[in-house]
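Q: I'd like to learn how to read pockets, cavities and charge pairs in a model. Can you walk me through one?

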Amino acid sequence: MTLQLSPDQIAHFRANTHDVMGMRLQELEVTEYWSVIFSARGVATLTKQDMTGFLRYEQNKRWKELSKESVTGNMDALRAALTVLINEDLPVAERLNQLEPARGVLAVPHLGKAKLSAILLVTHPKQYGVWNDYSERSLRGMGLFPDFTPGMHLGEQYVAVNAVLLGLATQYNVGLWWLDIILEKIAVLVR
């Protein structure tokens with residue numbers, strides 16, 4: 001059984017973030033750089049080195065576990081998938097449904113919700129939060145993880161999770177980058 005935590009844990013970790021300016025500067029550095037790489041023009045010329053760079057903590061400065069599996073086996077398929085992911089003319093649910101592992105028409109092996117939502121965050125840091133094992137564990141531990149209906153696709157699931165993340169960011173006056181850091185810390189308490 002999962003330990004039930006109060007969402008006020010977010011306020012606790014927010015209050016105990018010592019270097020807010022440093023964290024904010026790091027966020028700006030990362031989002032400014034990677035939003036260019038993951039722009040329409042950048043994705044069209046994306047190299048294996050670009051993508052593996054993003055998956056490395058030293059370059060994304062946020063996620064240590066993104067690099068477990070390579071997504072660069074078929075760069076043409078990866079570029080096609082990322083072109084859809086960053087296309088803001090389509091609803092995010094529709095984009096993610098096309099990329100859903102094992103179900104989407106543009107699915108790329110090992111390109112799942114954690115990597116996809118991290119790319120969404122660095123390209124649109126005020127719009128999209130990160131859904132990974134840490135954020136899911138934290139939301140479940142606080143009783144905030146949304147219920148999914150059977151057969152629900154990744155896109156609709158992400159929209160529901162992102163609505164919770166956006167609500168928490170607003171409620172606790174934190175950016176989605178900062179919220180992701182806080183949720184990773186809360187995840188440790190949920191074990």
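Q: What volume does the largest pocket have?
A: Start with the general idea: rolling a probe the size of a water molecule over the atoms shows where empty space is left. Keep in mind that this is a predicted model. Here the largest pocket comes out at about 740 Å³. It is lined by 29 residues, and the closest to its centre are Trp63, Glu65, Leu66, Asn132 and Tyr134. As for elements, α2 (20-37), α8 (113-123), α9 (133-141) and α11 (176-190) give two or more residues each to that lining.

Q: How do the residues of that lining divide into nonpolar, polar and charged?
A: For the largest pocket, you get 13 charged, 9 nonpolar and 7 polar residues.

Q: How much space lies in the second largest pocket, and which residues line it?
A: The second largest pocket holds about 170 Å³. Its lining is made of Met23, Arg24, Glu27, Leu28, Thr31, Pro125, Lys126, Asn173, Val174, Gly175, Leu176 and Trp178. By class, that lining splits into 6 nonpolar, 3 polar and 3 charged residues.

Q: Which element gives the most to the lining of the second largest pocket?
A: That's α2, with 5 residues. Both α2 and α11 supply at least two residues there.

Q: Leu28 is in that list. Is Leu28 buried, partly exposed or exposed?
A: The cut-offs do the work here: buried means under 20% relative accessible area, and exposed means over 50%. Leu28 has 31% relative accessibility, so it counts as partly exposed. This leucine sits in helix α2. Leu28 also joins Met21 and Leu25 in a nonpolar patch on the surface, and together the three have about 280 Å² of accessible area.

Q: What about cavities? How many of 30 Å³ or more does a search of the whole structure find?
A: The difference to watch for is that the probe fits in a cavity but cannot get out, while a pocket is open. The search finds 2 cavities of 30 Å³ or more. The largest cavity has about 40 Å³ of space, and the second largest has a volume of about 30 Å³.

Q: Which residues line the largest cavity?
A: Look for Leu96, Lys113, Leu116, Ser117, Leu120, Trp131, Leu154 and Tyr158. Helix α8 gives the most, with 4 residues, and both α8 and α10 (154-171) supply at least two. The class count for the largest cavity is 6 nonpolar, 1 polar and 1 charged.

Q: And which ones line the second largest cavity?
A: There you'll see Gly129, Val130, Ser135, Leu165, Leu176, Leu179, Asp180 and Leu183. The largest share of that lining, 4 residues, comes from α11. By class, the second largest cavity is lined by 5 nonpolar, 2 polar and 1 charged residues. Leu176 is worth a second look, since this leucine also appears in the lining of the second largest pocket.

Q: On to charge pairs. How many salt bridges does the structure hold?
A: The idea is simple: side chains of opposite charge can pair when their charged atoms come close. This structure holds 10 salt bridges.

Q: Which parts of the chain does the salt bridge between Lys61 and Glu29 link?
A: First the contact itself: the N to O distance between the two side chains is 3.9 Å. This pair links distant parts of the chain, with Lys61 in the loop between α5 (57-60) and α6 (75-85), and Glu29 in helix α2, 32 residues apart. Lys61 is partly exposed because its relative accessibility is 23%, and Glu29 is partly exposed too, at 45%.

Q: In the salt bridge of Glu88 with Arg95, is Arg95 buried or exposed?
A: Arg95 counts as buried, because its relative accessibility is 1%. Glu88 is partly exposed, at 31%. The closest N and O atoms of this pair lie 3.0 Å apart.

Q: Where do Glu136 and Lys113 sit?
A: Their side chains meet in a salt bridge, at 3.1 Å from N to O. Here too distant parts of the chain are linked: Glu136 is in helix α9 and Lys113 in helix α8, 23 residues apart. Glu136 has a relative accessible area of 16%, so it counts as buried, whereas Lys113, at 25%, is partly exposed.

Q: Which residues do salt bridges with shared partners join into one network?
A: Arg62, Asp180 and Glu184 form that network. You've already met Asp180 in the lining of the second largest cavity.

Note on methods
Residues are numbered from 1 along each chain as its sequence is written. This is a predicted model: local features need pLDDT of at least 70, side-chain atom pairs count only at pLDDT 80 or more; totals for chains, interfaces and linings use all residues. Side-chain values use heavy atoms; hydrogens and water are left out. On a 1 Å grid over the protein atoms alone, a cavity is a set of points where a 1.4 Å probe fits but cannot get out, and a pocket is an open set with protein on both sides within 12 Å along at least five of seven lines; lining residues have an atom within 4 Å of a point. Grid points are joined across faces, edges and corners, and a volume is the space filled by probe spheres set on the points. Ala, Val, Leu, Ile, Met, Phe, Trp, Tyr, Cys and Pro count as nonpolar, Asp, Glu, Lys and Arg as charged, and the others, Gly among them, as polar. Patches are made of residues with over 30% relative accessible area and no salt bridge: like charges are joined within 9 Å, nonpolar side chains (Val, Leu, Ile, Met, Phe, Trp, Tyr) within 5 Å. Accessible areas come from the Shrake-Rupley method with a 1.4 Å probe; for residues, only the protein chains shown count as cover. A salt bridge is a side-chain nitrogen of Lys or Arg within 4 Å of a carboxyl oxygen of Asp or Glu. Buried means under 20% relative accessible area, exposed over 50%, partly exposed in between (1.4 Å probe, protein chains only).
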